[in-house]
Amino acid sequence: WLKLANWSQAPCLCRASLCSLLAMGAGATAGVKAAVQAATDEELKASVESMSAEDRDKLKAALAIVASSEKDAAAPVAAAPAAAAAGPVDVSCLTKMAQDMKGLSPQPESPKYKGALAQIFVRSAPYGGSDKSSNGHRYDSIPFANGMVNSGMSCQLIHYVHEEHDKFFEVCKKFDFIIVRCNPGQIKADGGDQSKFDDGMREMRKAGIQVWPSPDVMEFMGAKDALCKVAKLNIGLEDTLAYYNAEEFAAGFKKTMKFQPRVIKQNRGSSGEGIWIIKLKSGEYCKEYGEASCEDSDVLDMMEANDNHAEEHTVAEFIEFCVNGRTGKSGEWTSKGVGKYLEGGKEAGGQLVDQRFCPRIVEGELRYNCVGDALVGIIHKKPKEGGISAVGGTGSIYTFYGPEESKFANLTNNFLERDLSKIMPALGLDSEPIPLWWTTDFILASPEGTAAEDEKWIVGEFNCSCVGISKCLAAYCKDDTPNASVDDIAAEDLKEAMAYGDLMGKKALAILDGAKGK
């Protein structure tokens, strides 16, 4: 607080401290005190700067003693820390980014396993990020943490601050599990390095500490080429292709596009950006796959899934946009995206997935919400009339169903009973458990008229990267709700969210026990 070498940083504070010092000490006459009070900030600064280094150190020490005494006198008697704020692992060396632990249950005295929930507070963003409650925690952290506590485990809420990266991961070594709830892009937005953070979590996994979800699980499940890896499962679509360089993309796309309407999906986008539903404007398709390919001049009718806007381009222009972005060869684009979907190559996540267009997507898609291997709810998302994408904010209609909904029994059976145990191995994640909280989106692939019990639903996307609990949305801050907290969640919604958390706790405990051979 005190910077005598640069008085201008705290002139008022220094003036008050000087007056307090003069009021205390022997020889502090009324005249001297009055002189200090009458002096300007510039005069006081000049006076201090004219002192010898030894005298300045004496004054600095004296002022520090005064400040300490005043602080002790003014401070209320410290109350015993709330049980919820305590935990079995000492995290006091980490910067505290949250104001309180509102809603968090007291930690067990002798936890079966010690856990942490890792978050990120974006210091340059309003409220600490678009997913934060007013106290600085992510809006749905409490159900996660309390679910662990209710299963007899501890779960302390901590924040990753990139300037103390090494210290953070030293603390993490003291936990048995870490639940990662850092929204994609927020570590970078706070000035940190996502790759460095991910590597740190990989080291935790190597040390035998469970991480939900681990960086590899997020990467492999979230990558669009996951659809190729599950293509031969009951929930897959066999003619799903992946491209990692310009040459194979150009040749492959011209061949598939000439056969039937396609969906081209970039790997890096979110909320439908860079997902294109494409048809030949001429409608002239070949009868057998591979018997013909499109020409560069063939015209494409295209719609982007993020906002259902339409564009028209030649095959050559589309390929150019996908590979090099907006150039003189790509034509004029109204998309919010910039293209360059293959940039950086496979190692950097540059890829495109080519999948058959399923025209019944206009009837909607299904989102399966799962806790581990348990289905907890189904959401039917129907696009706005005339649209294809059911991404939020496009006027789509959401209908909610329970996990036992009979009209989707065939898909539920194919997904949970026949394919679930095969998904992680198919993705190259044999050693990883199913995520604690994740979703799978399905698209109806059967022709019209197919009986409900025979309908085939295919995977459109897996997502385990900081999936939100929608029942808690009332707890995140917006311009019209800047003080939002867990207290703003309706009782019924909070009850349901806590039930999800309790189930997560039970699944987490079983996984940890299994790893210990219990």
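**Exercise 1.** State in which sense strand β3 and β4 pair, and over how many bridges.

*Solution.* Strand β3 (residues 177-180) pairs with β4 in the parallel sense, over three bridges. Pairing here requires that DSSP finds at least two bridges between two strands. Strands (E, at least two residues) and helices (H or I, at least four) are DSSP runs, numbered from the N terminus. One of the bridges can be located by residue: the partner of Phe-177 in β4 is Gln-210. This is a predicted model, in which local features need pLDDT of at least 70 and side-chain atom pairs count only at pLDDT 80 or more, while totals for chains, interfaces and linings use all residues. Residues are numbered from 1 along each chain as its sequence is written, and side-chain values use heavy atoms, with hydrogens and water left out.

**Exercise 2.** Place β3 and β4 in their sheet, and find the helix that packs on this sheet.

*Solution.* The sheet is open and has four strands in the order β2-β1-β3-β4, with parallel pairing. Its edge strands are β2 (154-159) and β4 (210-212), each of which pairs on one side only. From one strand to the next the twist averages 20 degrees. Helix α14 (residues 491-516) packs on the sheet and touches β3 and β4 (contact: heavy atoms within 4.5 Å). The direction of α14 makes about 150 degrees with that of β4. Axes are lines fitted to C-alpha atoms, for helices over the stretch in contact, and angles run from 0 to 180 degrees between N-to-C directions.

**Exercise 3.** Give the strand order of the open sheet of five strands, and explain why β13 and β15 each have one side without a neighbour.

*Solution.* The order is β13-β12-β11-β14-β15, and the pairing is antiparallel. Because β13 (397-401) and β15 (457-463) stand at the edges with a single partner strand each, one side of each has no neighbour in the sheet. Neighbouring strands are turned by 25 degrees against each other on average, direction ignored. Within this order, β11 (residues 365-371) and β12 (residues 374-382) run antiparallel and are joined by seven bridges. Glu-365 has Lys-381 of β12 as its bridge partner.

**Exercise 4.** Describe how helix α6 and helix α8 pack.

*Solution.* The axes of α6 (residues 165-172) and α8 (residues 194-206) lie 10 Å apart, at an angle of about 25 degrees. The two helices are therefore roughly parallel to each other (angles under 35 degrees count as roughly parallel, over 145 as roughly antiparallel, 65 to 115 as roughly perpendicular and the rest as oblique). On the α6 side the contact includes His-165, Phe-168, Phe-169 and Cys-172; on the α8 side, Lys-196, Phe-197, Gly-200, Met-201 and Met-204.
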